[in-house]
Amino acid sequence: MADQEDLHRRGLMFILSSPSGAGKTTISHMLLTADEEIKLSVSATTRPRREGEIDGIDYHFVSEAQFDEMVEKDDFYEWAHVFNHRYGTPKGYIRSGLKEGQDFLFDIDWQGTQQLYQKDQQDVVSVFILPPSLVELRRRLESRGTDTADVIEGRMDRARGEISHWAEYDYVVINDDVDQCFVKVREILHAERMKRTRQTGLIPFVRELME
Ligand SMILES: Nc1nc2c(ncn2[C@@H]2O[C@H](COP(=O)(O)OP(=O)(O)O)[C@@H](O)[C@H]2O)c(=O)[nH]1
Ligand SMILES: Nc1ncnc2c1ncn2[C@@H]1O[C@H](COP(=O)(O)OP(=O)(O)O)[C@@H](O)[C@H]1O
């Protein structure tokens, strides 16, 4: 019989993706505040820090040379080019955390999502967040006030391409009202945790019930 250690549920890799500006950072923060059992997988990026972002909390902000070195050392689970910058998920503590049953939230794009699915089918759960319209998407990017007009145009140009990957995700949620969207995302997380195939820790308990 497998020992108790093996019977713990492995952690979930819970992915939120969306076109830029649809609200995944907002929903991620709400989820991380409401649910103490999930931690953010903090990505490394070569993009400049935005006002209000904290190094090591929102991202690990690294230079091009530091990113190159991490790629060479095979330090990433996955990495991708997005908007002229590079973003990657450091393996680091995620690997051991998952083994111990820690759930992680990933705010990554469709390229990263595909790479995680290739590596680890059964622990990945992916959610794609859609904006209610492209007009509203532009309004949100403008109202966020973190990007120049050129950068906003670039993000709008890429939005259609990103949305075209929606069918590769397990779940799709429209972020019209932010509170309603958050509740839906949280319900997905709760339901996925209870999936029978993840409840290996219950095996001894169920055996006892059947005796
Ligand atoms: N593949 C991959 N994508 C990432 C990673 N970290 C962030 N991203 C994605 O990079 C894109 C740009 O992120 P960011 O510059 O923070 O802008 P945002 O779209 O406004 O949140 C988003 O689609 C993120 O989900 C990562 O580690 N890997
Ligand atoms: N449902 C919503 N209704 C109105 N504004 C929203 C909603 N969700 C997010 N926002 C706002 O839109 C902007 C972009 O959201 P953000 O979470 O940064 O998007 P992303 O991480 O997908 O780029 C932010 O200013 C945020 O406060």
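The following legends describe views of a predicted model of one protein chain with ligand 1.

**Figure 1. Overall architecture of the protein chain, built from nine helices and nine strands.** The radius of gyration is 18 Å, close to the 17 Å that the globule rule gives for 211 residues, so the chain is as compact as a globular protein of that length. Along the principal axes, the C-alpha atoms of the chain occupy a box of roughly 65 × 40 × 30 Å. Buried residues make up 26% of the 211 residues. When contacts between residues at least 6 apart in sequence are considered, 71% of them join residues at least 24 apart.

**Figure 2. Buried and exposed residues of helix 5 (residues 110-119).** Trp-110, Gly-112 and Thr-113 are the buried residues of this helix. Viewed down the axis of helix 5, these buried residues fall within an arc of 155°, and they therefore line one face of the helix. Gln-118 and Lys-119, on the other side of helix 5, are exposed.

**Figure 3. Elements that cover the buried residues of helix 5.** The cover includes four strands and a helix, namely strand 1 (13-17), strand 5 (76-82), strand 6 (85-90), strand 8 (124-130) and helix 7 (149-163). Gly-112, one of the buried residues of helix 5, also belongs to the surroundings of ligand 1 shown in the next view.

**Figure 4. The shell of residues around ligand 1.** There are 17 residues around this ligand, and those that come nearest are Ser-20, Ser-43, Ala-80, Tyr-87 and Gly-112. Strand 5, strand 6 and helix 5 each supply at least two residues of the shell. The greatest contribution is that of strand 5, with four residues. Strand 5 and strand 6 thus appear in two views, as they are also among the elements covering the buried residues of helix 5. By residue class, the shell around ligand 1 comprises five nonpolar, eight polar and four charged residues.

**Figure 5. The surroundings of Asp-58, in the loop between strand 3 (44-45) and strand 4 (60-61).** Asp-58 is partly exposed, because 19 other C-beta atoms lie within 10 Å, whereas a buried residue has 20 or more. The C-alpha atom of Asp-58 is separated by 32 Å from that of Thr-197, a residue 139 residues apart from Asp-58 along the chain.

Technical notes: Residues are numbered from 1 along each chain as its sequence is written. Chains are lettered from A and ligands numbered from 1 in the order in which they are written. This is a predicted model: local features need pLDDT of at least 70, side-chain atom pairs count only at pLDDT 80 or more; totals for chains, interfaces and linings use all residues. A residue is buried if 20 or more other C-beta atoms lie within 10 Å of its own, exposed if 12 or fewer, and partly exposed in between; C-beta atoms are placed from the backbone. The arc is that of the directions from the helix axis to the C-beta atoms. Two residues are in contact if their C-beta atoms, placed from the backbone, lie within 7 Å. A residue is near a molecule or strand if its C-beta atom, placed from the backbone, lies within 6 Å of it. Ala, Val, Leu, Ile, Met, Phe, Trp, Tyr, Cys and Pro count as nonpolar, Asp, Glu, Lys and Arg as charged, and the others, Gly among them, as polar. The radius of gyration is taken over C-alpha atoms; the globule rule is 2.2 Å times the number of residues to the power 0.38.
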